[in-house]
Amino acid sequence: MSARRPRRAQGAGVLARVALGLYPPAWRARYGDEVQALLEDSGAGVRAAASLAWHAVPAWAWPARHLHDRPGRMRASLATTGMAWALLAGLAAVFVQLAQAQGSSQALTLARHPVIQGSYWVFDGAVIVSVLAVAAGGLPLWVRMVRDARGADRRPELAGLLAPAVVPVVFVAASTVIVGLARRPGVRVVPWQARPVADLASGMIGPWWFLALVVAGLAAAAVSAAGPAVALRRLRPDGRAVVLATRAAGLAAAAMGLAGAASIVAAVGLYLWAPADAGYHVGWQLAVYLPAVSLAAAVAIISSGRGLRAAREPAVA
Amino acid sequence: MRDRLDRWADPPLLVLASLAEEPKHGYAITQDIAETMGVRLSAGTLYAVISRLESRGLIEPLESGDRRRPYRLTAAGAGELAEQSERMRQVSSVAQRRLRANYGWGGA
């Protein structure tokens with residue numbers, strides 16, 4: 001019993017430190033040592049760790065103004081919004097692949113259910129607006145940071161900035177090759193595969209390959225967004241380009257959030273109304289997709305909102 | 001339901017009331033609040049409150065060589081606490097008068 005207690009306290013201490021790691025860097029830099037001291041004095045329990053983790057959410061969503069200057073808040077917002085937007089874009093690609101791109105079953109479904117058709121239109125329009133907003137608002141800042149990184153010979157930051165251009169291309173090329181191989185009956189893509197990876201019934205790749213490509217695609221999206229996020233933090237750009245990007249991020253996040261909502265309506269509609277043999281009645285897919293889209297959209301909208309609040313404030317000379 | 005009727009135990013108000021006595025660091029604040037007001041604040045709640053109060057200029061940190069940095073009430077914080085206390089006193093006074101008149105409750 002006595003040996004168990006210190007171990008439990010140690011575990012709770014580790015949990016509390018992990019929970020502290022969930023806070024924004026500026027918050028940790030300012031209060032981290034004090035919180036550690038408080039936990040040492042009062043004894044860190046699971047309750048303390050849970051409380052810390054819970055309060056990390058508002059610390060990100062409504063960052064204390066005395067901890068961040070205006071450009072810093074905009075940069076932090078851009079980095080977080082970019083990550084959430086990339087995840088939403090990846091999920092949108094999965095949705096397109098599973099729903100809109102499935103020709104024969106879609107024709108039947110759409111003819112019967114105008115709600116799904118309407119959701120598709122909203123989804124398409126919102127995605128186009130969102131991508132245009134990212135391009136219009138993000139490119140000037142991106143070009144400026146690339147110029148700064150090249151001028152200062154900062155290669156890691158330059159590599160990070162090139163990630164959104166290079167990583168998706170590499171992913172698309174790799175997945176094209178994999179899909180091509182997986183579709184060919186008789187070809188073993190991996191040596192330990194007992195039989196060819198081909199769904200002969202539909203002529204498409206099997207579900208495990210699809211899942212692997214989805215995971216790889218989401219990872220590629222995360223890396224594509226993480227590169228510029230790290231560059232933003234290290235290069236610390238300021239001025240009109242950051243303000244423009246922040247405003248565009250607000251529009252992009254709102255539009256992508258709308259696209260996510262439309263895709264949820266369509267996904268639920270397909271689950272309820274699609275013909276039985278169309279393959280849309282798998283509950284766990286909805287159970288994963290809905291929370292993932294909702295969470296990513298919430299993060300993107302909250303974070304871009306806090307960036308917009310910072311952008312509205314007058315610049316300090 | 002308990003939370004809705006528990007506005008007197010608003011953590012920011014408790015922290016301001018605790019610091020009205022003297023400057024204190026985090027652990028001393030939680031101990032004082034637990035002993036004098038019967039509310040136990042967790043580390044997450046306490047530092048969320050401290051961050052918010054500091055951001056609004058109602059409390060300020062004092063220099064400290066230790067990790068246990070003390071905080072003190074600012075003039076704005078004292079004003080805010082006085083205003084909230086007066087509001088609570090008014091509500092308390094009305095409530096006690098009506099309880100005495102209608103329920104025969106004598107109060108403490």
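Q: What share of the 108 residues in chain B is buried, and what makes a residue count as buried?
A: A residue is buried when 20 or more other C-beta atoms, placed from the backbone, lie within 10 Å of its own (12 or fewer makes it exposed, anything in between partly exposed). In chain B, 27% of the 108 residues are buried. Bear in mind that this is a predicted model, where local features need pLDDT of at least 70 and side-chain atom pairs count only at pLDDT 80 or more, while totals for chains, interfaces and linings use all residues. Residues are numbered from 1 along each chain as its sequence is written, with chains lettered from A and ligands numbered from 1 in the order written.

Q: Why is the pattern of chain B written α-α-α-β-β-α?
A: Helices are DSSP runs of H or I with at least four residues, and strands are runs of E with at least two, numbered from the N terminus. Chain B has four helices and two strands, and reading along its sequence gives that pattern.

Q: How many residues does each chain bring to the contact between A and B?
A: Chain A brings 20 and chain B brings 16, where two residues are in contact if their backbone-placed C-beta atoms lie within 7 Å. On the chain A side, helix 2 (25-42) and helix 3 (46-61) each supply at least two residues, and helix 2 of chain A gives the most, with 10.

Q: How do you know that the length of helix 6 of chain A agrees with its number of residues?
A: The expected span is 1.5 Å times one less than the number of residues. For the 38 residues of helix 6 (residues 114-151) that gives 56 Å, and the end C-alpha atoms are 54 Å apart, so the two agree.

Q: Where is the kink in helix 6 of chain A?
A: At Gly138(A), shortly before Pro140(A), with a bend of about 40 degrees. That bend is the angle between axes fitted to the seven residues ending there and the seven starting there.

Q: Which element of chain A has the highest mean pLDDT, and which the lowest?
A: pLDDT is the predictor's confidence in each residue, from 0 to 100. Helix 6 of chain A comes out highest at 93, and helix 5 (residues 103-112) lowest at 63. Over residues 187-203 of chain A, pLDDT stays under 50.

Q: What makes the largest set of 59 residues a nonpolar core?
A: Such a core is a set of buried Ala, Val, Leu, Ile, Met, Phe, Trp, Tyr and Cys residues joined through C-beta atoms within 7 Å. Trp85(A) is one of those with the most contacts inside the core, and Trp85(A) touches residues including Ala252(A) and Met256(A).

How values were computed
Lists of a residue's contacts leave out its neighbours within four places in sequence.
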